[in-house]
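These notebook entries record what I looked up in one structure. I took up a helix and then the cysteines.

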Amino acid sequence: MTWTDERVELLKKLWTDGLSASQIASELGGVTRNAVIGKVHRLSLSGRAKPATAPVARARKPAAATNGRSVTTGRPNPVRPLVAGNTALKPMSQIAPEPRRVPRAVGSDDVVVPISLHATILTLTEQTCKWPIGDPSTEDFHFCGQRSNSGIPYCEYHSRVAYQPVHDRRQKKAVGA
């Protein structure tokens, strides 16, 4: 498609009338919207007239008194605690929690994990048990921290929990199903 003088004049007229590039392209035929936009820029045509169907601004609703309730649901707005600054380096509380009991297999005694062995991600070493205890999103989350054998990430008890023989797992599955 070539831009003839007649097509260029029609383009200029339609552009000043306020038609969009897509409308002009369909009016001219055989030309794309992008070709129309490119030609308008090359011709350095000024801004066009506003279209006759300019959108009418909607009236805003007046702000209603909410009295602490959500405008959409009518339920009370939740009170959010004010957090100032970064809490990553906040000092931990000084009160030591009671020792946690790690459950053992059915029929055996509970293992008491002393507080001194509770490990954080920063205190784990090659010789400490890396079994996670608790919910990671809470403050009392920690790792077991008991001594583990070299080359194994867990202590003796957690190794038995983590590494069950295939035969035992199938047997438990069949009994539980």
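The entries below follow the order of my look-ups.

**Entry 1: the model.** I note at the outset that this is a predicted model.

**Entry 2: the buried side of H3.** I asked which residues of helix H3, residues 33–42, are buried. I found Val36, Lys39 and Val40. Viewed down the axis of H3, these buried residues fall within an arc of 100°, so they line one face of the helix. I recall that an α-helix has 3.6 residues a turn, so residues three or four places apart point the same way.

**Entry 3: what covers that side.** I then looked for what covers the buried residues of H3. The cover includes helix H1 (5–17) and helix H2 (21–28).

**Entry 4: the opposite face and the end.** I turned to the face of H3 directed away from its buried side and found the exposed residues Asn34, His41 and Arg42 there. After H3 I noted Ser44, which has a positive phi, near 55°.

**Entry 5: disulfides.** I searched the whole structure for disulfides and obtained zero. I then asked why Cys129 is not bonded to Cys155, the cysteine with the closest sulfur. The two sulfur atoms are 3.7 Å apart, which is too far for a bond, because a disulfide requires cysteine sulfur atoms within 2.5 Å. Cys155, for its part, is in no disulfide, and its nearest cysteine sulfur is that of Cys129.

**Entry 6: burial of the two cysteines.** I checked whether Cys129 is buried or exposed. Its relative accessibility is 0%, so Cys129 counts as buried. Cys155 is also buried, with a relative accessible area of 7%.

Methods. Residues numbered from 1 in each chain as written. Predicted model: local features only at pLDDT ≥ 70, side-chain atom pairs only at ≥ 80, totals over all residues. Heavy atoms only, no water. Buried < 20%, exposed > 50% of the residue type's maximum accessible area, 1.4 Å probe, protein only. Helix = DSSP H or I, 4+ residues; strand = E, 2+ residues; numbered from the N terminus. Arc of directions from axis to C-beta. Contact = heavy atoms within 4.5 Å.
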